[in-house]
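Grab your viewer and a pen. Here are a few exercises on pockets and surface, each with a worked solution.

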Amino acid sequence: MKQTLLILLFILPVLGICQVKRIGTPNILNYPKAEYKAGTQNWGIAQDPDGFMYFANNDGLLRFDGKNWELFPVSTTPPTRSICIDKEGTIYLGFDDDFGIFTINNESGPQFTSLKSKLSGEIAETGIIWKIHDTPFGIVFQSNQYLFILNDGKITTLKPETAFNYSFYVNSRLFLHEPGVGLFEYINGFINKVPWADELQNTEILSIESFFENQLLIGTAQNGWFEYKNGKLSNWDTQANSQVEKDILYSAIKLDRNNLAIGTILNGVIIANSDGNIVQHINEEKGIQNNTILSLYNDNSGNLWLGLDNGIDYIELNSPLSYISGSEGISTGYCCTVYNNKLYLGTNRGLFVKTFNPLNPNNSEDFKLVPNTEGQVWSLQVINDQLLCGHHSGTFVIEENHARQISNVPGSWKFVQLAPDTNYMIGGNYNGLCLYHYKNNSWSFVKKIKNFSESSRFLTQDESGNIWISHGSRGVFQVELNEKYDSVVAINQYGQINGLPSDDSNVLLTIDGNWYISAIDGIYQFNASNNRFEKEEQMNSLFNFSEQLKFTDSDAKGNYWYITDANAGFIHKNEDGTFSRITTPFRPLRNTFVPSFEFLCEHGNDNVFIATQDGFVHYSSRIVTSSNQTFKSFITHIDVPYLDTTIFNTSNNNVIEFPFNMNAFRFHFSAPSYQNPQQLEFSYFIDNYSSEWSPWTTDNYRDFTNFHENEYVIRVKARNSFGEESEEASYSFIITPPWQRSKTAIYIYVFLIFVCVVILAGFISKRFEKSKQKEREKHKQEMRDREKEFEKQAVLAEKEIIRLKNEKLEAQKLSLDKELANQTLSIVNKNKFLMKINQELKRLSDETTDGAVKSKMAILKKRINKEIDNQHQNKIFESYFEEVHADFFDRLKERFPKLTPKDLRLCAYIRMNMSTKEIASLLNISNRGVEISRYRLRKKLDLSRDINLSTFLLNL
């Protein structure tokens with residue numbers, strides 16, 4: 001709390017002015033399709049009261065909490081075109097032919113409820129719902145064909161003259177645009193034409209915003225922005241409008257009372273102030289994923305979300321930090337300075353420069369590489385009004401945008417102006433020291449200083465004129481120069497034996513004109529009286545860090561700016577002379593510095609440049625940070641593996657019971673925090689289980705197994721990158737005891753004991769009756785034995801009766817077989833006789849010439865033939881055959897339904913083992929015909945050659 005108050009006091013003069021930084025580029029987080037796993041286009045953005053972000057995506061509704069993306073396919077008519085969330089957190093969605101309410105906190109999971117059922121039957125299609133507005137007169141859903149107003153559960157429908165293009169809710173006024181007709185305003189249930197907008201009748205209006213109560217800014221697709229003010233409509237003739245006319249407007253949103261974010265189709269997002277001047281222009285070159293901005297949203301922290309044609313981006317506008325990095329051609333940063341209204345940045349690729357005006361910085365100018373400075377730039381120092389550049393290739397004097405080399409000794413580290421003769425200075429390099437002389441208003445190289453060859457990156461001169469140098473691995477050197485400063489005459493080396501904690505990692509720092517050694521365990525000062533290094537209590541009290549101090553600088557107000565191993569900050573000097581440490585705004589920079597090359601340049605409180613691995617970070621105290629903004633933690637859902645289901649945490653406070661033998665869970669946590677989400681941490685505590693809060697971890701879930709039976713409450717809190725802790729979230733649940741310890745089991749145990757007592761009493765009484773029972777059982781057994789014997793005799797008698805009946809039936813069958821055979825033979829003989837008579841009649845008919853005789857013979861032949869084919873005889877035969885061979889024809893027809901009656905008779909004759917001649921006589925065909933019939937029969941029965949036809953029919 002103390003740190004927060006100090007920050008507020010520090011920025012008190014400008015608290016009322018929220019502004020977007022001009023220097024550098026705000027921090028940008030890219031969320032590509034591959035990360036959120038949904039459609040490319042995002043048509044709308046909203047934030048609920050709990051801080052969750054929602055996106056109207058081509059594939060449905062996306063939710064984001066800073067770490068986790070969730071996609072909800074909410075309608076049968078995707079894509080999701082529009083979204084609105086009211087103050088109560090109700091989510092309203094619009095689709096291509098549907099609109100309704102989406103509810104997250106359901107026990108059965110998220111659910112979408114369509115509102116189309118509330119429309120009259122005359123409306124077959126709603127059209128695409130492009131806009132949704134939360135207004136005092138209801139929730140407004142706008143499509144091209146209709147305006148739907150939901151109020152108190154009822155929907156009012158309004159139609160345009162032709163078609164609504166878009167709608168705009170600004171300054172508590174609802175405007176609607178009909179291309180070719182004009183601009184309209186909804187007032188008290190009626191749509192009224194706006195008289196002053198006739199000039200825009202044939203213009204496509206895409207946005208209406210306002211900076212002031214009686215002013216409107218109207219953005220069009222073809223002609224840029226117009227301003228309506230004091231009853232007049234005019235072109236908004238500004239820098240931002242000129243840029244928008246080239247880049248083509250698509251979306252816009254007011255960020256605060258002074259700034260406007262404009263999304264374009266061709267060139268990213270433009271942020272302009274109320275005067276129309278461009279504050280930031282962020283496109284693909286500056287770090288966003290796509291130049292087409294479909295939607296914009298200013299979240300409750302003052303930061304900007306972009307719904308892109310391909311992806312989602314987050315721009316951290318409300319931060320005192322901005323970045324000068326790869327998007328501006330800047331790589332790893334080592335040093336920087338502001339000199340003669342120019343900003344110089346020393347990087348691993350060379351020295352870069354651009355004009356710098358602290359009062360009105362121009363972010364549109366590009367950095368330019370100073371010629372001949374390619375390579376690592378180690379230091380920039382202004383001595384005697386000349387800018388000196390320590391470079392990997394030597395030493396340069398920087399004049400405007402040019403570099404003049406004055407020394408080619410490689411690896412120039414740092415420069416120290418000597419006392420008392422300030423016309424001389426020494427410079428440390430990779431292999432010792434160099435001497436420089438100031439003459440004719442310019443520094444020039446004199447020579448390398450003899451007798452010292454150690455790397456001299458950190459150096460200073462003490463009051464006695466000795467040069468002190470700290471080495472990365474060999475301790476600290478005291479060097480004495482001769483009178484000409486061109487040779488070392490004495491060297492003393494100090495390390496662990498001289499009071500320092502180690503020979504390694506000793507950094508020489510100058511603070512308020514005094515020099516110190518920052519070691520691994522604190523700050524040391526040289527005591528000449530005992531020739532040892534000792535801890536300096538005042539400095540250690542001021543810089544009381546758990547990490548080693550690597551860089552420090554002080555400003556005109558007595559504040560100390562510093563960098564440690566992993567963190568940066570400043571120590572603010574209070575009015576009463578005490579100091580307070582400010583670290584919160586700098587926590588996003590944790591672990592971004594170049595190890596052993598930490599650097600910071602302070603140019604007034606509003607312009608602090610910090611070197612990082614990716615370039616430079618600019619800090620401005622005039623930007624109100626949202627680091628101390630409260631945020632909430634949530635337990636979003638619980639995975640229950642044994643049920644293969646997910647339980648959603650709702651607000652109904654129902655306590656769920658889980659069985660003892662299957663209590664394995666995964667609790668999912670969430671805390672909507674979008675600044676540096678990778679540094680978001682969670683901790684949990686479980687009532688009746690934990691003894692203390694768990695260590696902080698970036699994992700946003702926790703697995704639990706094998707809880708003992710009890711009632712538990714899991715509590716979760718989060719900590720963001722600024723060290724602020726969230727409100728707690730909690731979830732109650734009960735683990736029921738195992739079956740053997742349940743109430744039901746106890747009741748069963750009592751019942752079993754009672755049963756055992758009853759059984760024992762009954763057992764004793766039954767022993768007295770046991771002998772009587774045995775006698776009764778013995779008597780019953782004898783009776784049962786006699787009954788079994790009688791039953792056995794009855795069964796034998798019955799079997800004998802059955803055997804006799806079977807013998808009788810077999811005898812009857814044999815008799816019938818004989819009768820059938822005799823009948824068949826009689827028919828055969830009769831047919832043979834008739835056939836001979838028929839042949840004889842044929843011969844006589846051929847020999848006689850008497851027509852009357854031939855006629856009578858023909859009649860006789862017909863009668864004979866009829867007698868041979870007499871169907872009545874066939875029926876008699878079949879009747880006899882069926883009686884002897886019961887169901888033979890039925891079985892044959894069931895297996896071979898394609899058999900004809902003639903085939904069935906042939907089968908019967910073959911089964912009776914009749915010869916071919918006998919069959920031919922019975923069928924009145926030739927022997928050859930019988931053979932052919934047998935062949936055809938085999939094919940119908942699907943018999944192979946190795947199966948005998950007679951045997952097959954007998955076994956059927």
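What follows is a set of three exercises on this predicted model.

**Exercise 1.** Work out what volume the largest pocket has and which strands supply its lining.

*Solution.* Start with the volume: the largest pocket comes to about 1200 Å³. Next, look at the lining, which has 35 residues, with K131, I132, H133, I253 and L296 lying nearest the centre. Now go through the strands: strand 2 (42–47), strand 6 (82–85), strand 10 (129–135), strand 14 (167–170), strand 18 (205–209), strand 22 (249–254) and strand 26 (293–298) each give at least two residues to that lining. Finally, sort by class: 20 nonpolar, nine polar and six charged.

**Exercise 2.** Do the same for the second largest pocket: what is its volume, and which residues are closest to its centre?

*Solution.* The volume is about 1000 Å³. Of its 36 lining residues, Q381, K414, F551, T552 and F599 sit closest to the centre. Strands that each supply at least two lining residues include strand 30 (333–339), strand 34 (377–383), strand 38 (412–417) and strand 50 (549–554). Sorted by class, the lining splits into 20 nonpolar, nine polar and seven charged residues.

**Exercise 3.** Find out why V758 is classed as buried, partly exposed or exposed.

*Solution.* First, place the residue: V758 is in helix 5 (residues 743–847). Then take its relative accessible area, 45%. Exposed would need over 50% and buried under 20%, so V758 counts as partly exposed. Last, look at its company: V758 helps make a nonpolar surface patch of about 1000 Å², along with W739, I746, Y747, Y749, V750, F751, L752 and F754.

Terms used: Residues numbered from 1 in each chain as written. Predicted model: local features only at pLDDT ≥ 70, side-chain atom pairs only at ≥ 80, totals over all residues. Heavy atoms only, no water. 1 Å grid on protein atoms, 1.4 Å probe; cavity = no way out; pocket = protein on both sides within 12 Å on 5 of 7 lines; lining within 4 Å. Points joined across faces, edges and corners; volume = space filled by probe spheres on them. Helix = DSSP H or I, 4+ residues; strand = E, 2+ residues; numbered from the N terminus. Nonpolar A, V, L, I, M, F, W, Y, C, P; charged D, E, K, R; others polar. Patch = residues over 30% accessible without salt bridge, like charges linked within 9 Å, V, L, I, M, F, W, Y side chains within 5 Å. Areas by Shrake-Rupley, 256 points an atom, 1.4 Å probe, with all protein chains shown as cover. Salt bridge = Lys/Arg side-chain N within 4 Å of Asp/Glu carboxyl O. Buried < 20%, exposed > 50% of the residue type's maximum accessible area, 1.4 Å probe, protein only.
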